[in-house]
Amino acid sequence: MKRPSVKVLLSAAVILCILSTAGLIALIVVWQQKLSPFQDYALVVDAGSTHSKIFLYTWPADKSNGLGVTSRVTQIKSCSPGGGAITSITDPTEDNVKRYFNTAMVDCMDSIPSNRKGRALVFLGGTAGLRLFEMKNASYTNALLKSTRLYFDTLGLLFKAPENQVRIISGSEEGLSGWISTNMLLEELYKNNIPSQTYGVTDMGGASTQISFYSPNATNERYDMSLFNTEYDIYSHSYLCYGAEQFRYVYLGRIINKAGGSETIYDPCFQDGFFQNFSYSDIFTLPCVRAQSPPSPELNRTSTFSIIGTGNYSQCFANVQQCLNTSECSFTSCSFDNVYQPKPIEPSLKFIAISAWYSTFNSLAQNVTVSPNKDGNYDFNTTKLSDIKRAIEGICKQPWAVVPNPDKYRPLLCFNSMYHWTLMEYGYGMNDDNMKNFHIIKTVGGSEIGWTLGYMINQTNYLEPEYRPARLLTKGEFGGLLFLCLFFLLVSIIMGIVSIYFCNRHRNYRQT
């Protein structure tokens, strides 16, 4: 063999050796890398009585080895449309719905990878505010839902069942969804699966309040749920018109009627020195007020009522308690207004309060000997009801003139606090023993607690699992490529040996 041919052969052998070695290393690195599952996404809009909020959730598209989406769901972000409740849209056209939602919706959608948007679900659940609006103006509500469906259909998301994906949910569905959300985030479902150790949940909204807890002996309003091969018997009731905002109007209707036609009303649940004006229509056109505090005949429909605060704790307590009728009960036990509730609530039952319970107590907490934990939530294991009552009394008696830098919610702190804790004690039957296992919570692990997570979990049956290979290469592909790399490495070694042999032979020939 000529010397130039030997050099070419040796060079080819070196190059082939380097390439096959590099390919072998790359192949092993690729094989060692495991692929995580594809992610699925869902947007859930909570269309509440005072505001709307969009929540973005994600979970493994393979649904966690058959255990369901619930075991590994994560809230990515939340986005809030401006402008108050969805019912602030006076003319419910598609353009106006888009104007209401679009900025917040696009903000949340931007967190969904473009290649996953086609599988991303979108839902809207209207809660008690829309339930009341439907009672007041069904044609407006139907038009609003129809326009919302048309807008959602333009988003490029998975929206194949408009009538179900945009609708008004029932009170029991809201309560049970909140119970599922809370117990999933607190790991009592799936990881624990012991029904008696689940948390009871009470949710305070603007138009309704819900209470749900494990109660296998409940004789009414008991819902049997099967979750992770475990049966849960949950008592759940939703009180329409007993959300903080609507209850406030019912309360105002009562004290205005008691005033016998006077347009100046003294309210013991407003702090001394605070006043607010309400027209007749502000109060007495509301469905909740018309049902529970209908206007007295002597009231002038053109009246404007001046509500003046007196900050009288005892009278405020008496007025609020009178709104919770506990004297009538057609069942073995009741909460109030002749609504069945299992009583007493076992002291060992853990209880969580969410939503407006948190926002109100967060303002009151500085007057109570309880501090938020590292997550910003409140535990009451060393707090008594008397401590909270004392704090409420201090707020109610405080002159409004000395309140520093009040925000728009501060005027209602006395009333809302009084209502929440009167409801808790006299309505639901909680006491100091129950308080040891009571918590007021906003978030768990970065996820806000509300009905939307549990609702989404029940809706994900729309999506079939989507599986992704565990590795980029199958075993067959890996074996075939491994054989080729080793084959070419062996060829390069043989080529190298042959070229070296001829090179040494040529050198020996020249020396002789």
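Trainee: Why is C17 called partly exposed?
Mentor: Its relative accessible area comes out at 28%. Buried means under 20%, exposed means over 50%, and partly exposed is what lies in between (1.4 Å probe, protein chains only). C17 at 28% falls in that middle range, so partly exposed is the label.
Mentor: Keep in mind that this is a predicted model, where local features need pLDDT of at least 70 and side-chain atom pairs count only at pLDDT 80 or more, while totals for chains, interfaces and linings use all residues. Residues are numbered from 1 along each chain as its sequence is written, and side-chain values use heavy atoms, with hydrogens and water left out.

Trainee: What makes C323 count as buried?
Mentor: Its relative accessibility is 3%, and that is under the 20% limit, so buried it is.

Trainee: How many disulfides are there, and how do you know that a pair is one?
Mentor: The count is 5. The rule is simple: two cysteine sulfur atoms within 2.5 Å. Counting bonded cysteines along the chain, the pattern reads 1-2, 3-5, 4-6, 7-8, 9-10. C323 is in no disulfide, and the nearest cysteine sulfur, that of C269, is 8.9 Å away. That distance is not within 2.5 Å, so the pair fails the rule.

Trainee: What makes C79 and C108 a disulfide?
Mentor: Their sulfur atoms are 2.2 Å apart, which is within 2.5 Å, so the pair passes. The torsion about that S-S bond is about 110 degrees, so the disulfide is right-handed. C79 sits in strand β3 (residues 74-79) and C108 in helix α2 (residues 94-109), so the link ties together parts 29 residues apart in sequence. Helices and strands here are DSSP runs numbered from the N terminus: H or I with at least four residues for helices, E with at least two for strands. Both C79 and C108 are buried, too.

Trainee: And why do C269 and C316 form a disulfide?
Mentor: Same test: the sulfur atoms are 2.0 Å apart, and that is within 2.5 Å, so they qualify. With a torsion of about 105 degrees, this disulfide is right-handed. C269 lies in the loop between β10 (264-267) and β11 (275-279), and C316 in helix α10 (residues 313-322), so parts 47 residues apart in sequence get tied together. C269 is buried at 0%, and C316 counts as buried at 0% as well.

Trainee: How do you know that C396 and C414 form one?
Mentor: Their sulfur atoms are 1.9 Å apart, within the 2.5 Å limit, so yes to the disulfide. The link is right-handed, with 95 degrees about the S-S bond. C396 is in helix α12 (residues 385-397) and C414 in helix α13 (residues 413-427), so the tie spans 18 residues in sequence.

Trainee: Over to charges. Why is the pair D40 and R119 called a salt bridge?
Mentor: A salt bridge needs a side-chain nitrogen of Lys or Arg within 4 Å of a carboxyl oxygen of Asp or Glu. Here the N to O distance is 2.6 Å, so the pair fits. It links distant parts of the chain: D40 in strand β1 (residues 39-47) and R119 in the loop between α2 and β4 (121-126), 79 residues apart. The structure holds 14 salt bridges. Side chains of opposite charge can pair when their charged atoms come close.

Trainee: What about D107 and K77?
Mentor: They meet at 3.1 Å, N to O, which is within 4 Å, so that is a salt bridge. D107 in helix α2 and K77 in strand β3 are 30 residues apart. D107 is partly exposed at 38%, and K77 is partly exposed at 22%.

Trainee: Which residue does the "active site" annotation cover?
Mentor: The UniProt record, an unreviewed entry, puts it on E174. Positions follow the numbering used here, feature names are shortened, and annotations may be inferred rather than shown by experiment. E174 is in helix α6 (residues 171-185).

Trainee: What makes E174 buried?
Mentor: Its relative accessible area is 6%, under 20%, so it counts as buried. Its side chain meets that of R131 in a salt bridge at 2.6 Å, N to O.
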